[in-house]
Number of protein chains: 2
Amino acid sequence: MKSSRQPSLLDQHCDYLKHIFRLQQAQSPVSTSALAESLKVAPSTVTDTLKKLSQKGLINYTPYHGITLTPKGEKLAVKAIRRHRIVERFLTDMLGFEWHEAHEEALRFETQLSDEVERRLFVALNRPKVCPHGYPIPSKVEDVRVEETTLYSLEPGERAEVISVKDDEPELLQFMASLGIKPGVKIKVVAKDPFKGPLQAVVGRNRRTVGWHLANSIHVRKLD
Amino acid sequence: MKSSRQPSLLDQHCDYLKHIFRLQQAQSPVSTSALAESLKVAPSTVTDTLKKLSQKGLINYTPYHGITLTPKGEKLAVKAIRRHRIVERFLTDMLGFEWHEAHEEALRFETQLSDEVERRLFVALNRPKVCPHGYPIPSKVEDVRVEETTLYSLEPGERAEVISVKDDEPELLQFMASLGIKPGVKIKVVAKDPFKGPLQAVVGRNRRTVGWHLANSIHVRKLD
DNA sequence: ATTATAATTTCGGCATTCCGAATTTTCAAG
DNA sequence: CTTGAAAATTCGGAATGCCGAAATTATAAT
């Protein structure tokens, strides 16, 4: 396939940058296998693409030693993240999709949009600050900060406000919605079992018991 | 490249069907060279793809003798046309694009949209009947009829309403807009030179002189 | 009917994106 | 140190989309 339209940056490359950026927050440098798993392609494929990205000056790539985004790559990654979150907002706010559908729908076509469409979408949406899952819609690298604290890190008795929830597991999102958990909601932890056991909390008016995985997918800010 | 997402139909194939459908209205069967020019690819490329489309039962293809859409191919073509026009409406109505930009912007990402997004877009737009250029948004094959009469076919003294304008030349569209020509506008022909010469007409309050090509890009319905 | 020319197809080739198997490198355990 | 397992890379190969040049077929003019 000829690339045509986009002179400088292929869709695929944006995808790689987005994933590298995300993985980099957990661990830097990012390993080939981590990227491969995240992108759901074979490691050998990742190695191939890494060379191209490196040649374009988007990543620092030392064979066998992982990768880091260059400033240029970081900027493009942020641009891709911004676009993704704007499109998610479009899908929920203007088309009425549920938040658990928005993420995957957005992935389908976001890379094809022109900058102009993105700009106009942003304006038409009234310049939103966050995506449907509560993550900021960034203008620059510093904007992409996520709340470090997760619900599971709280101790019994503590109260917190939900800031954002992980968006990459649709079913989990749907389940969270059914529990009334979404950005802005306030939660009080009642009890927490040891060994990554279930956590009991009051969400709005209801008492809920949630597992470790779910509670760790919720970013919160402590209250009081 | 692996196709992934779309199980049954590749983007490229939709594109072919759309072009074949359009060309078929002017002349059937459609020739390889006409398709190649329309798609801006080499004739040999078209031949390659034609075989695949034929195998999928979307076209009737007899080597050296042109192509026709099968009922199945026709349905898909109409689906693609419908989607294109809905997206154009989205771009003009919800994002404020000019009509001469809408066509090309739509081409960038329309093929990536899911059926569900298309459906919701249509509803959010209030179920429009026509695209920004005045062509119908079809549900089935019969809906895709265009007004046969063009402005140039009128004789001096005749009046007509603009129904639709050809959408594939952005500059021409922009120029038409500057002349006040758009669907719904009423035009009275004042004079017409022989040999495809210029045509004089009254558009709204203004007297305009337009060339053959432009006048033939305007579909009208006679008044009185 | 024959023949020239125009349209179409065939063929080989290039680029891209992906993969699995084989190889190389790293790194930590002995 | 050595060495063995895990991680990463290289290599060969498959599929796709595209092209230009060469061969084939159709068709319109003689």
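The largest nonpolar core has 30 residues; a nonpolar core is a set of buried Ala, Val, Leu, Ile, Met, Phe, Trp, Tyr and Cys residues joined through side-chain atoms within 4.5 Å. Buried means under 20% relative accessible area, exposed over 50%, and partly exposed in between (1.4 Å probe, protein chains only). Inside this core, F90(A), L91(A), F90(B) and L91(B) have the most contacts. The elements that give two or more residues to the core are α4 (71-94), α5 (99-109) and α6 (115-124) of chain A together with α4 (71-94), α5 (99-109) and α6 (115-124) of chain B. Helices (H or I, at least four residues) and strands (E, at least two) are DSSP runs, numbered from the N terminus. Leaving aside neighbours within four places in sequence, L91(B) is in contact (heavy atoms within 4.5 Å) with V117(A), G96(B), F97(B), A102(B), E105(B), A106(B) and F109(B).

This is a predicted model, in which local features need pLDDT of at least 70, side-chain atom pairs count only at pLDDT 80 or more, and totals for chains, interfaces and linings use all residues. Residues are numbered from 1 along each chain as its sequence is written, chains are lettered from A and ligands numbered from 1 in the order in which they are written, and side-chain values use heavy atoms, with hydrogens and water left out.

Consider next helix α2 of chain A, residues 32-39, where L35(A), A36(A), S38(A) and L39(A) are buried. Seen down the axis of α2(A), these buried residues fall within an arc of 165°, so they line one face of the helix; the arc is that of the directions from the helix axis to the C-beta atoms. Their cover includes α1 (11-26), α3 (43-55) and β2 (67-69) of chain A. Just after α2(A), K40(A) takes a positive phi of about 60°.

In chain B, I20(B) sits in helix α1, residues 11-26. I20(B) counts as buried because its relative accessibility is 0%. Not counting residues up to four places away in sequence, I20(B) touches V30(B), L35(B), L53(B), I59(B), I67(B) and L69(B).

The DNA comes next. Strand C is surrounded by 21 residues, the closest being Q12(A), A42(A), T45(A), S33(B) and Y61(B); a residue is near a strand if one of its heavy atoms lies within 4 Å of it. Sugar and phosphate account for 73% of the atoms of DNA strand C that come within 4 Å of the protein. A polar contact is a pair of N or O atoms within 3.5 Å; within protein, one must be able to donate a hydrogen and the other to accept it, and residues adjacent in sequence count only if both atoms are side-chain atoms. A polar backbone atom of A42(A) is 2.8 Å from a phosphate oxygen of DNA strand C, and a polar side-chain atom of K51(B) lies 2.9 Å from a phosphate oxygen of this strand. For K52(A), an N or O atom in the side chain is 3.2 Å from a phosphate oxygen of strand C. K52(A) lies in helix α3 of chain A and is partly exposed, with a relative accessible area of 43%.

Around DNA strand D there are 21 residues, of which S33(A), Y61(A), Q12(B), A42(B) and K52(B) come nearest. Here sugar and phosphate account for 78% of the strand's atoms within 4 Å of the protein. A side-chain N or O atom of S33(A) is 2.5 Å from a phosphate oxygen of DNA strand D, and for a polar side-chain atom of K51(A) the distance is 2.7 Å.
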